[in-house]
Amino acid sequence: MATKLKTIWTDQKFKITCSFLTVVFITLSFGALFEAYWFNWDYLANTNNYLESAELENKVLTAYDRIDRVYNLYQSEENIRAGNAIDPEAMEAYKWDILAGLDIIDPDDMGVATEHEMLNDANFWQQYADELEVQKKQLINEGLFQYERLKKELEQTQGLAYIIDSKGGKNSQPKDANPDDLLNRRVNFTYNKGAISSSLSNIDQFEPLDYSVEPDFQVIIGFDDAYIAQREVMYQAERLEFLWLMSIFIVSLILAAICALLACISAGRKKDGEGIQLLPIDAFWIDAHFLLLLMVETLVVAAIVFFYDQNFPRVDMLMLFAVGAALGLNFLLSLVRILKNGSFGERLLFLKLIKQTWKFIKDQFKKVASYYNDVMKGSPTVKRFMFWAILLVVLALSVQVPILGICSFICIIYLLYLGGKKAKKYDGIREGLERIKNGEVDYKLTGFDGALGELAEGINAIGDGISLAVSEEVKSQRLKTELLTNVSHDIRTPLTSIITSIDLLKNGNLNPEEKQKYLEILENKAHRLKVLTDDLFEAAKASSGNIEVEFQAVDMEMLMTQGLGEMEEELQNSQLEFITQYPKDLFVVTADGRLIWRVIENLLFNILKYAQKESRVYIEFSKCDEDKTGVVVFKNVSAQPLNISPEELMERFKRGDETRNSEGSGLGLAIAKDLMTIQQGELKLEIDGDLFKAVILLPLADLPR
């Protein structure tokens, strides 16, 4: 049994059923209570029969009130039209409205002693005679309307009979009404010159209306016994229905409480029995959830009242109440789960805001203390500034100018804060400058603005310049080392062959064919030394700019055609297919024809050495009209992998063949680059895998049109 009971608390269907029944029963209790209110439960709850009910008492008093006003206050239509039924207080109130518009409140403002004299000053009110007359007519019309309405209501009151005696004149309803007959009825009421008597025991506390102006006014009221008996039957039926509704209300409320209790007991329980299972809604702040629920419930209540006033179907009001009940139960179950989980304090937004506020205040005090210790403490300048600041505040307060003292104090505190921040940033710049001076050229100053920001950017630029200079110097030293290594290698290799060949020739033991062979080796190596020497000389002249340049208009198509023709034999022996794409119109640039051909020749020889055999070589011409530049592109596929960047490839003694077994000095591209520079052009290299591309850029010549 205990196991089954433990299991039922974790059953999801049981939880949903309890929640659903809670909403249903609470909605039923509301519906029953609302129906009881609909049947005027305040008239039915405290009496056992109709004769003791507040409804009958109210009906008798209402009838007397209407009779008193019709026959005592208004009396007749002629009396109303004569203005005798006008309430003097209504006219006085209208006069007060006129005086209020004139800003006259005190009788002294009108030269009178009392309010009565002020309200009855004929000379003053003569100018407002028309307005007063209009107001009087309006009150008369209202009196006529009320007189006719009350007479009609008296005629329509069921079971009512009365006899009136005022100033000797008598009226009755019906015409043959008899005083003895009225007094013998079960429900009667008599008013005789201020004295009240009635068959209803609890009506003796009634007081006549204030506007009952006729002291000799007498009235006898009686209700028909048959009507009273009929109302008694209806009253008992309504009372029985009321008792049933209240029973439903109480039973439903008890059942709703039981189901809600069961739902609370099972809320958050897991099947494994360990811990509390929270739902996503439980992550919401408890107090924020409560305030949101309060607003929604207020809207629900307002909607129910609106539906009631507009006579909407009651089922609509019950559905609205069910929604409100479901939301309230949801909040209750969420609160229970949170309490079971022990995280109530953590789910209060108000408490968290208090903690955050307290933490913020403590952090501000810490910042003030840190600011004082880091910026203000130990600084003679700040201390002197503080002294004069405090002195200024004291002087301002001493001369009874508190506003000046307070404003001065706020301004001084603000200036001290800004000044301290600036001083702190200035110290940061000094520290950064010291680190850069000590060799940390990559250190950057950040977080500065204004003038200090510009100073920091300048120091960063100096650091970048130093870093770049150091990098260039390291690169220069590396290039010098590589230059010496490569030059030594390229010179020593042919010299070794020359020395060896000379030694073999000096022995004299060689036959004529061997002598001829070594002589050819001597000639070949000597020629290679000459080429290397010439290239070194030309590279030195090109890099220093010590070359005469004769600028002229050069037809690149003609120059390329002529040059390729002179190299026809080398091109045919290269096993390469050259494809040239010339422009449709003239392609004339401003350059030195001799030097530009030297650049093209170096590029062609570079292609002949390093291009993949039996591949294609593309030479393309194009123009860029925007910057008036002529472009010549050489494209080929390299025979060896190009594991090198374009920048390194244009350095001196760099070769695509890193083994350096191929013929050449490694100066061709470097010379071509320098020759392009002195011609106000540019040489660019691009490498994409094994694809090698060289681009010549030269300014187009201005041709006469």
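This report walks through a predicted model of a single protein, from its overall make-up to a few residues worth a look.

**The whole protein**

Let's start with the broad view. The model holds 23 helices and twelve strands. Of its 705 residues, 35% count as buried. Among contacts with a separation of 6 or more, 72% are between residues 24 or more positions apart. The accessible surface comes to about 43,600 Å², and carbon and sulfur atoms supply 58% of that area.

**Around helix α4**

A good place to zoom in is Val-70, which sits in helix α4 (residues 54-74). Is Val-70 buried or exposed? With a relative accessibility of 1%, Val-70 is buried, because anything under 20% falls in that class. Setting aside residues up to four places away in sequence, Val-70 touches Gln-75, Tyr-147, Leu-150, Lys-151 and Leu-154. One of these partners, Lys-151, lies 81 residues away along the chain, yet the C-alpha atoms of Val-70 and Lys-151 are separated by 6.8 Å.

Helix α4 also takes part in a salt bridge, in which the side chains of Arg-66 and Glu-153 meet at 3.1 Å, N to O. This pair links distant parts of the chain, with Arg-66 in helix α4 and Glu-153 in helix α9 (residues 129-156), 87 residues apart. Glu-153 counts as partly exposed, at 21% relative accessibility. The pair belongs to a network of salt bridges that links Arg-66, Arg-149 and Glu-153.

**Salt bridges elsewhere**

The count of salt bridges in the model comes to eleven. Three of them are set out here, with the N to O distance of each.

| Basic residue | Acidic residue | N to O distance |
|---|---|---|
| Arg-66 | Glu-153 | 3.1 Å |
| Arg-81 | Glu-77 | 3.0 Å |
| Arg-616 | Glu-577 | 3.6 Å |

How many residues apart are Arg-81 and Glu-77 in helix α5? They are four residues apart in that helix (residues 77-81), so about one helical turn separates them. Arg-81 counts as exposed, at 51% relative accessibility, while Glu-77 is partly exposed, at 31%.

The bridge between Arg-616 and Glu-577 has a spacing of 3.6 Å, N to O. This pair, too, links distant parts of the chain: Arg-616 is in strand β9 (residues 616-624) and Glu-577 is in strand β7 (residues 577-581), 39 residues apart. Arg-616 is partly exposed, at 48% relative accessibility, and Glu-577 is partly exposed as well, at 43%.

**Helix α11 and the surface patches**

Next comes helix α11 (residues 225-266), which holds Val-251. Val-251 joins Ile-250, Ile-254, Leu-255 and Ile-258 in a nonpolar patch on the surface. Together these residues have about 420 Å² of accessible area. Val-251 itself is partly exposed, at 47% relative accessibility.

Arg-231 is found in helix α11 too. Where Val-251 is partly exposed, Arg-231 is buried, with a relative accessible area of 9%. Which residues is Arg-231 in contact with, leaving aside its neighbours within four places in sequence? They are Tyr-50, Glu-55 and Glu-238.

The surface also carries a patch of negative charge, where Asp-106, Asp-108, Asp-109 and Glu-115 gather. Asp-108 is in the loop between α6 (88-101) and α7 (115-119), and Asp-108 is exposed, with a relative accessible area of 56%.

**Backbone details**

A few backbone angles deserve a closer look. Most residues other than glycine have a negative phi, and most peptide bonds are trans. Against that background, the bond joining Gln-173 and Pro-174 is a cis peptide bond, with omega about -5°. Pro-174 sits in the loop between β2 (169-173) and α10 (179-183).

Gln-575 has a positive phi of about 60° although it is not a glycine. Its place is in the loop between α20 (568-573) and β7, the strand that also holds Glu-577. Gln-575 counts as partly exposed, at 48% relative accessibility.

Glu-614 also has a positive phi of about 60° without being a glycine. Glu-614 lies in the loop between α21 (593-610) and β9, the strand in which Arg-616 is found. At 70% relative accessibility, Glu-614 is exposed.

Methods: Residues numbered from 1 in each chain as written. Predicted model: local features only at pLDDT ≥ 70, side-chain atom pairs only at ≥ 80, totals over all residues. Heavy atoms only, no water. Helix = DSSP H or I, 4+ residues; strand = E, 2+ residues; numbered from the N terminus. Buried < 20%, exposed > 50% of the residue type's maximum accessible area, 1.4 Å probe, protein only. Contact = heavy atoms within 4.5 Å. Areas by Shrake-Rupley, 256 points an atom, 1.4 Å probe, with all protein chains shown as cover. Patch = residues over 30% accessible without salt bridge, like charges linked within 9 Å, V, L, I, M, F, W, Y side chains within 5 Å. Salt bridge = Lys/Arg side-chain N within 4 Å of Asp/Glu carboxyl O. Lys, Arg positive; Asp, Glu negative; His and termini not counted. Charge placed at Lys NZ, Arg CZ, Asp CG, Glu CD.
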